[in-house]
Amino acid sequence: MNQDLMQRGKGIKLAVFDVDGVLTDGRLYFLEDGSEFKTFNTLDGQGIKMLMASGVTTAIISGRKTPVVERRARNLGIPHLYQGREDKLVVLDGLLAELGLSYDQVAYLGDDLPDLPVIRRVALGMAVANAAPFVRQHAHGVTQARGGEGAAREFCEMIMQAQGTLDSANANYL
């Protein structure tokens with residue numbers, strides 16, 4: 001594991017996720033009636049639960065708004081959900097004030113240009129493997145997995161490894 005990323009991950013208290021292209025594969029599915037559905041990866045969900053159990057707070061900030069994301073956040077127990085917000089840095093400013101945290105305690109996983117201001121501002125700003133090239137270029141690191149295909153799990157486990165909590169979390173299942 002990259003030493004710089006490990007160092008950046010040590011002090012993380014809040015992990016923030018984009019949705020489309022990060023927790024999903026980025027495809028949008030619309031039904032005849034106008035409703036929408038998304039597919040989520042169970043490995044990512046387990047990683048997020050493990051990260052929260054290790055003491056890291058989680059949040060979602062998404063540019064799109066859909067009941068499916070609200071349901072997924074509720075199922076995983078993600079306490080902070082912001083949808084329909086392209087101004088992600090403004091949203092994060094408010095959340096940090098509410099939680100009494102600073103940018104040097106935040107990790108963010110994104111995939112496209114609206115994520116870039118946050119990726120560049122936080123202590124650990126990462127992009128998924130299939131993120132836009134410009135975003136990958138300016139992120140602190142890039143996951144090996146693609147969005148919706150285990151990238152969030154990799155991100156969560158990297159933070160836990162940096163904080164020394166991954167081995168004990170995995171040992172709970174032995």
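Which helix is Met52 found in? Let's work that out and go on from there. You're looking at a predicted model, where local features need pLDDT of at least 70, side-chain atom pairs count only at pLDDT 80 or more, and totals for chains, interfaces and linings use all residues. Residues are numbered from 1 along each chain as its sequence is written, and side-chain values use heavy atoms, with hydrogens and water left out.

**Exercise 1. Place Met52 and list what it touches.**

Step 1: Met52 is found in helix α2. Helices here are DSSP runs of H or I with at least four residues, strands are runs of E with at least two, and both are numbered from the N terminus.

Step 2: Leave out residues up to four places away in sequence, and Met52 touches Thr58, Leu76, Gly77, Ile78 and Pro79. Contact means heavy atoms within 4.5 Å.

Step 3: Met52 and Met160 are 108 residues apart along the chain, with 9.9 Å between their C-alpha atoms.

**Exercise 2. Work out how α2 packs with α7.**

Step 1: The axes of α2 (residues 42-53) and α7 (residues 151-163) come within 7 Å and cross at roughly 25°. Axes are lines fitted to C-alpha atoms, for helices over the stretch in contact, and angles run from 0 to 180 degrees between N-to-C directions.

Step 2: That angle makes α2 roughly parallel to α7. The classes are under 35 degrees for roughly parallel, over 145 for roughly antiparallel, 65 to 115 for roughly perpendicular, and oblique for the rest.

Step 3: On the α2 side the contact includes Leu43, Ile48 and Leu51, and these residues meet a set in α7 that includes Ala151, Cys156 and Ile159.

**Exercise 3. Do the same for α2 and α3.**

Step 1: α2 and α3 (residues 67-76) pack at an angle of about 50°, their axes 10 Å apart.

Step 2: The two helices are therefore oblique to each other.

Step 3: Thr42, Gly45, Ile48, Lys49 and Met52 of α2 make the contact with Arg72, Asn75 and Leu76 of α3.

**Exercise 4. Find the spot where the annotated binding site sits.**

Step 1: An unreviewed UniProt entry puts the feature "binding site" at Asp18 and Asp111. Such annotations may be inferred rather than shown by experiment.

Step 2: These positions span 94 residues in sequence, yet no two of their C-alpha atoms are more than 7.7 Å apart, so they gather at one spot.

Step 3: As for Asp18, look in the loop between β1 (14-17) and β2 (29-30).
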